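Welcome! Take a moment to look over the chain shown here, and then read on for a short tour of its main features.

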Amino acid sequence: TAADEVVAVTLERYPTLGGVTISNTTLTSLPPIPPTVTGSLTITDNPDLTAADISNVTSIGGSLTVTGNGNAPVTVGSPTVGGGVTLTTGSGSISVGSPVAVNISLSTGSGTVSMGSPSTAGNVTLTTGSGSISMGPAASVGGNLTLTGGSGFVDVTGANVTGTTSITTVGSPGVAATTAGGTTTVTMTNGVATMSVDLPTGAFSAPVAFSIAPVDPAAMPGT
């Protein structure tokens, strides 16, 4: 629409902006957003977007929120964010570099969730209905790490978690992670069987990498 075109032209003129909100438009692609946003960056309720790519943005003074944009995949680079990061999509993938933020929450109905090595003082929550979940080996989580997955593989090996780690999957072929400073809990459901592993605080003197995979009973020795 004409109003959407005005938004695109206005954003393109400035290398630095205060708060930016792109909401309830008929845009199919995002206008150019400057690398530095001194306030919050909010992209919500734009159902016609085919992609939400803001990988060029390197600094956000407030929070980053991308939600309600249909099934548009979300791509974010490695910005320094003064507040929290909240990214959701219906069935698209979410790809994030290595941001610095207070809290991070990424959620998709069925796409993959992949992130580099973030640094947060607070919590990290990653959710997908059926895709895979991955996070880089140099990730630093000052709070709790919560992962909820479906039939995809979960790999967060090497992540340094000060608080607790909780991993829940349904139909996943496997989980690879590293024990947290607090409790570490893994619950995997495959078919009618559910397996739960609980490691208390102090179970190991240092973080230990581990992996868990379901095994077909027919393939086990002696069967």
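Helices (H or I, at least four residues) and strands (E, at least two) are DSSP runs, numbered from the N terminus. With that in hand, the chain comes to 1 helix and 26 strands. Keep in mind that this is a predicted model.

**How confident is the prediction?**
- The chain has a mean pLDDT of 91, and 91% of its residues reach 70 or more.
- Residues 1-9 are an exception to look out for, with pLDDT below 50. In the model, this stretch has 7 contacts beyond near neighbours in sequence.
- Where pLDDT is low, the predicted coordinates should not be read in detail.

**The sheet**
- An open sheet is formed by 8 strands, with mixed pairing. Follow them in the order β5-β8-β11-β14-β17-β20-β23-β26.
- Why do β5 (52-54) and β26 (209-212) each have one side without a neighbour in the sheet? Both stand at the edges with a single partner strand, so one side of each is left free of a neighbour there.
- For a look inside the sheet, find β20 (residues 154-155) and β23 (residues 175-178): these strands run parallel and are joined by 2 bridges. Here V154 stands opposite V175 in β23.

**The whole chain**
- The C-alpha trace spans about 70 × 35 × 20 Å along its principal axes.
- Of the 223 residues in the chain, 41% are buried.
- About 9700 Å² of the chain is exposed, and carbon and sulfur atoms supply 57% of that area.
- Consider the contacts between residues at least 6 apart in sequence: 9% of these join residues at least 24 apart.

Conventions: Residues are numbered from 1 along each chain as its sequence is written. This is a predicted model: local features need pLDDT of at least 70, side-chain atom pairs count only at pLDDT 80 or more; totals for chains, interfaces and linings use all residues. Side-chain values use heavy atoms; hydrogens and water are left out. pLDDT is the predictor's confidence in each residue, from 0 to 100. Contact means heavy atoms within 4.5 Å. Two strands pair if DSSP finds at least two bridges between them. Buried means under 20% relative accessible area, exposed over 50%, partly exposed in between (1.4 Å probe, protein chains only). Accessible areas come from the Shrake-Rupley method with a 1.4 Å probe; for residues, only the protein chains shown count as cover.
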